[in-house]
Amino acid sequence: MKKLILDLDTGVDDALAISYALGSPEIELIGITGTYGNVLMEQGVRNALAITDLLGHPEVPVYKGLPHASTKDSFEVLPISAFIHGDNGIGDAVIPDSTREAESEPAVDFIIDAVKTYGDDLVYVPTGPQTNLAAAFKKAPEIADELGSVVLMGGALTVPGNVNAWTEANISQDPDAANYVFRHTKNATMVGLDVTLQTLLTYKETQTWRDLHTAAGTFLADMTDFYIKAYETTAPHLGGCGLHDPLAVGVAVDPTLVDIHPINMKVDIEGPTRGRTIGDEERLNDPHKTMGAALGVDVPRFLDEFMTRITNVARQAA
């Protein structure tokens, strides 16, 4: 069975990613590492602890990661992030704080230990900036070759970014860290805006959760309805909210959900295109491809898996 680490800046779609992972019998969620982005790292950790409790899985440990980008000294949540995810990151939905605390081991050390323990069986899924993974690679360089695979939500290869014409939000938080991971990982799949903006959720689906009349179902519906409403302002042409982070988990569970283009990649870290995810011109002709970009997605099959798995979790949660 695959072992999964989720690295989250726990906002709305990160919470849905947790739910998807918990509803997937093919994998074991061995830990959540906190990062910054949609919210401060501390708020994201709080959210992850509360959500795993609410969904009936208090056994999942949560670790504190690095609170800001590798090239910065601090982090502040952008107003657009609060607009999309709410001030608390989870659509301003109210759920009880966990009685648990985050683990004492730092996230970077947990990542290293997990790679040493599980090796090729470990899948690492970062759905925010890649600051924690880059730091782990730098602290223990050998794990870049020992880690089974990385399935990241971030980037855009064939479509515009959502920060500017070339940059996706997660990559924009720490382009230097992402570039380090792109250039050092042995096996990574980029699940970017190319595919995540094709996987949309509407009020019809969230009503399914509300109709369960469980605390978890109501929470998921309230939180996601907030997210959908934000999309009505930020991307009214889509007709729903993008399932960014859950699709990355879906691909970690079942890579056949997407069509993957093998390509060695980099992230621009200098000049006007800083943050762009693009082919690495120095390694384009290397026959050994260390990355792949998801460029097509089986939308009906993914949405069916998404609703089935998350609805089951919400139904079974106490």
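1. Let's start with Leu-78, which counts as partly exposed because its relative accessibility is 47%, and the exposed class only begins over 50%. Bear in mind throughout that this is a predicted model. Leu-78 sits in the loop that runs between β3 (62-63) and α3. Its C-alpha lies 8.4 Å from that of Gly-37, with the two positions 41 residues apart in sequence.

2. Pro-67 is worth a look alongside it, as this residue also belongs to the loop between β3 and α3. With 34% relative accessibility, Pro-67 falls between the 20% and 50% cut-offs and therefore counts as partly exposed. If you draw a line from Pro-67 to Glu-146, 79 residues apart along the chain, you get a C-alpha separation of 26 Å.

3. Now for the largest pocket, which holds about 830 Å³ of space. It is lined by 37 residues, and the ones closest to the centre are Ile-80, Ile-84, Asn-162, Val-163 and Ala-169. Which elements give two or more residues to the lining? They are α1 (12-22), α3 (79-85), α7 (169-173), α11 (215-234) and α12 (244-253). If you colour the lining of the largest pocket by class, you should get 16 nonpolar, 14 polar and seven charged residues.

4. Two of those elements, α1 and α11, also pack against each other, with axes 9 Å apart and an angle of about 140°. That angle makes α1 oblique to α11, because roughly antiparallel would need over 145 degrees. As for handedness, the crossing of α1 past α11 is left-handed.

5. Ser-19 is a handy marker on this side, being part of helix α1. Is Ser-19 buried or exposed? Its relative accessible area is 0%, so Ser-19 is buried. Measure across to Ala-216 in your viewer and the C-alpha atoms should be 10.0 Å apart, although 197 residues separate the pair along the chain.

6. Helix α11 has another partner in α10 (residues 203-210): the two axes come within 8 Å and cross at roughly 165°. This angle is over 145 degrees, so α10 is roughly antiparallel to α11. Here, too, the helices pass in a left-handed crossing.

7. The loop between α10 and α11 is where you'll find His-213. Please check its backbone: phi is near 60°, a positive value in a residue that isn't glycine. His-213 has a relative accessible area of 70%, which is over the 50% cut-off, so this residue is exposed.

8. Asp-92 deserves the same kind of check, since its phi is positive as well, at about 60°, and it is not a glycine. Where is Asp-92 placed? It lies in the loop between α3 and α4 (107-118). The relative accessible area of Asp-92 is 38%, so this residue is partly exposed.

Notes. Residues are numbered from 1 along each chain as its sequence is written. This is a predicted model: local features need pLDDT of at least 70, side-chain atom pairs count only at pLDDT 80 or more; totals for chains, interfaces and linings use all residues. Side-chain values use heavy atoms; hydrogens and water are left out. On a 1 Å grid over the protein atoms alone, a cavity is a set of points where a 1.4 Å probe fits but cannot get out, and a pocket is an open set with protein on both sides within 12 Å along at least five of seven lines; lining residues have an atom within 4 Å of a point. Grid points are joined across faces, edges and corners, and a volume is the space filled by probe spheres set on the points. Helices (H or I, at least four residues) and strands (E, at least two) are DSSP runs, numbered from the N terminus. Ala, Val, Leu, Ile, Met, Phe, Trp, Tyr, Cys and Pro count as nonpolar, Asp, Glu, Lys and Arg as charged, and the others, Gly among them, as polar. Buried means under 20% relative accessible area, exposed over 50%, partly exposed in between (1.4 Å probe, protein chains only). Axes are lines fitted to C-alpha atoms, for helices over the stretch in contact, and angles run from 0 to 180 degrees between N-to-C directions. Angles under 35 degrees count as roughly parallel, over 145 as roughly antiparallel, 65 to 115 as roughly perpendicular and the rest as oblique. A crossing is left-handed if the near helix is turned anticlockwise from the far one by less than a right angle, and right-handed if clockwise.
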